[in-house]
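Me: I should like to understand the terms used to describe the structure shown below. Please justify each one as we proceed.

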Protein chains: 2
Amino acid sequence: MPSPRDASPELQAAMDEVTQAVNRTIERLLPDTDLPEAPLYDAMRHGTLNGGKRLRPFLAIHSAFLFNVDSARARRVAAAIEFMHCYSLIHDDLPAMDDASLRRGQPTVHREYNEATAILAGDALLTLAFEVLADPETHPDPHVQCELVRTLAIAAGGHGMVGGQMLDLIAEDDDVEFDAGEISRLQRMKTGQLMAFACEAGAILGKASEPQRRALRNYAYDLGLAFQVTDDILDVEADPQDTGKDTGKDEAAGKATFVSTMGKEAAKSRAEMLAAQSKRHLKIFEGRAKMLEELADYVLERRA
Amino acid sequence: MPSPRDASPELQAAMDEVTQAVNRTIERLLPDTDLPEAPLYDAMRHGTLNGGKRLRPFLAIHSAFLFNVDSARARRVAAAIEFMHCYSLIHDDLPAMDDASLRRGQPTVHREYNEATAILAGDALLTLAFEVLADPETHPDPHVQCELVRTLAIAAGGHGMVGGQMLDLIAEDDDVEFDAGEISRLQRMKTGQLMAFACEAGAILGKASEPQRRALRNYAYDLGLAFQVTDDILDVEADPQDTGKDTGKDEAAGKATFVSTMGKEAAKSRAEMLAAQSKRHLKIFEGRAKMLEELADYVLERRA
């Protein structure tokens, strides 16, 4: 495995472009307000405009590119997915969950405001994600809107992201020992399904064929798992200055990670294998999905 | 104001029928599971199948009756609204919010399970509400599905229920004094908007005319406020055996209530006025909305 490196200049430029575009969309969807409930919106902005990598927006926007989707529509969907991701981080960081004080080098939402506000900010972001998707501005065809809403709900709910988070809590129990297969299922639910939705959303917006949609979904599942395995590795060996959060947390919390289950070296091979496999799914696009391919290499080799 | 009484036999029968029907639908949408994440589903069932009054399902189902909507469709929408309502109760009961130990005479979800599970169960129910609405089984016309999703998201999010909950927290601050107008706005957001959606959902399912839809929305706003004023009165004078929760809580928490702001007698007159006003909106249905009219009397005069 090569040593950690930065993204290629092309990928970095593409990532920066997505970050700027999606930040502008988020700011428009979460304007400043002087209503008495303003602290809620401040907390929502704090939890979403905090220098995130915007990996899921990148997946949505670059999947949409493959089908020549109008870029304003893709950006709205990307923002909705990021709302969903950020709500999950706000709730995961709560004292009753991971009890994290830092996120991307900033105080977490409940540290900057308070616990009740963080719970509500998460709830409001989760709800807003669906409001954005069901808006005709996102797509004029209600079939497309409904497909986006339904697919996101399935990816994010009890059979997806929230279910994965529940498994993560169960795995912390001393009496519970998850094997690598169970951890893969956990991670597929907790992280993979929302990443798969991000890619699938581009295909839904572009009314892609079923094989194209399936290819993107499978790409995202493998990429998501590679991402998670790398996260586990970074948790044990990264510099907190790079990741913007405390390291060694997973081990201290008794979390089920790929590193704790299979060891660091096997985890590294597994991540490499998954990244290579993710790229193979993109063959159906005959070289037009170059940025998504490059992302697979980057996810593996990132430092943070 | 007449002394508290039970519902009329016709209303009681109609309420029982809604309760049984919506409970069956909720059980079908939340089946028992032996997956490792089962505690999440147990908590979701605990938070939704706990003997609630099913006021919002009643509004949705009886509004839908006015337009001869297929009853299976109305029941699914009613269940989705109840998921939304119950998630808000689960999160409101958390230690960081109201710190309630009892709800309808049962331990609250975080007391029966734990705080993390309660947060996740709320998140999953909120997400499931949208999944149900965007499902073709709820309505085959995607215009209708999208209208339901978008209208619910607006009613439940930062400009609706969650925003109202934020205002409720702000009002607890000793330095903040809300007047009756501000409390009305708070309650309209916190309670009224979801009740308005319940009525509006019947109209959306039935492709009602705009005046019919507006009449139902206005009925629900006035009914919701009458309900809330009565709740505040019950908090100071009801028997905990009847309400299934501790009384005097609002005052102890320094909450902004109609009783604390305008006094008990003025609050009673206000509730009567609102209930009468709510019934006047139903005139457009020329006597066909009898159950909704009776509900307005009952809401005022209930004991719990």
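Me: To begin, in which helix of chain B is B:His85 found?

Reply: In this predicted model, B:His85 belongs to helix H4 of chain B, which covers residues 71-92.

Me: What makes B:His85 buried or exposed?

Reply: The test counts other C-beta atoms within 10 Å, and a residue is buried if there are 20 or more. B:His85 has 24 such atoms, so B:His85 is buried.

Me: With which residues is B:His85 in contact, leaving aside its neighbours within four places in sequence?

Reply: They are B:Arg56 and B:Leu194. As for B:Glu200, the C-alpha to C-alpha distance from B:His85 is 16 Å, and the two are 115 residues apart in sequence.

Me: Why is chain A called as compact as a globular protein of its length?

Reply: The secondary structure of chain A comes to 15 helices and 2 strands. Its radius of gyration is 18 Å, and the globule rule gives 19 Å for 304 residues; the two values are close, so the description applies. The C-alpha trace of chain A spans about 55 × 50 × 35 Å along its principal axes, and 56% of the 304 residues count as buried.

Me: How do you know how the two copies are related?

Reply: A turn of 180° with a shift of 0.0 Å along the axis lays chain A on chain B, with an RMSD of 0.0 Å. The copies are therefore related as by a two-fold rotation axis. The same surface serves both copies, since 100% of the contact residues of chain A recur in chain B.

Me: How many residues of each chain are in contact with the other, and which elements of chain A give two or more residues to that side?

Reply: There are 40 residues of chain A in contact with 40 residues of chain B. On the side of chain A that touches chain B, the elements giving two or more residues are helices H2 (38-48), H6 (115-133), H7 (142-156) and H8 (161-171) of chain A. The largest share, 11 residues, comes from H6(A). By type, the residues of that side divide into 26 nonpolar, 8 polar and 6 charged.

Me: Which residues touch the most other members of the largest nonpolar core?

Reply: Of its 202 residues, they are A:Ala129, A:Val149, A:Ala226, B:Ala129, B:Val149 and B:Ala226. Leaving aside neighbours within four places in sequence, B:Ala129 is in contact with B:Ala80, B:Phe83, B:Met84 and B:Leu152.

Notes: Residues numbered from 1 in each chain as written. Chains lettered and ligands numbered in written order. Predicted model: local features only at pLDDT ≥ 70, side-chain atom pairs only at ≥ 80, totals over all residues. Contact = placed C-beta atoms within 7 Å. Helix = DSSP H or I, 4+ residues; strand = E, 2+ residues; numbered from the N terminus. Nonpolar A, V, L, I, M, F, W, Y, C, P; charged D, E, K, R; others polar. Core = buried A, V, L, I, M, F, W, Y, C linked by C-beta atoms within 7 Å. Buried ≥ 20, exposed ≤ 12 C-beta atoms within 10 Å, placed from the backbone. Rg over C-alpha atoms; globule rule 2.2 N^0.38 Å. Least-squares fit on C-alpha atoms with pLDDT ≥ 70 in both.
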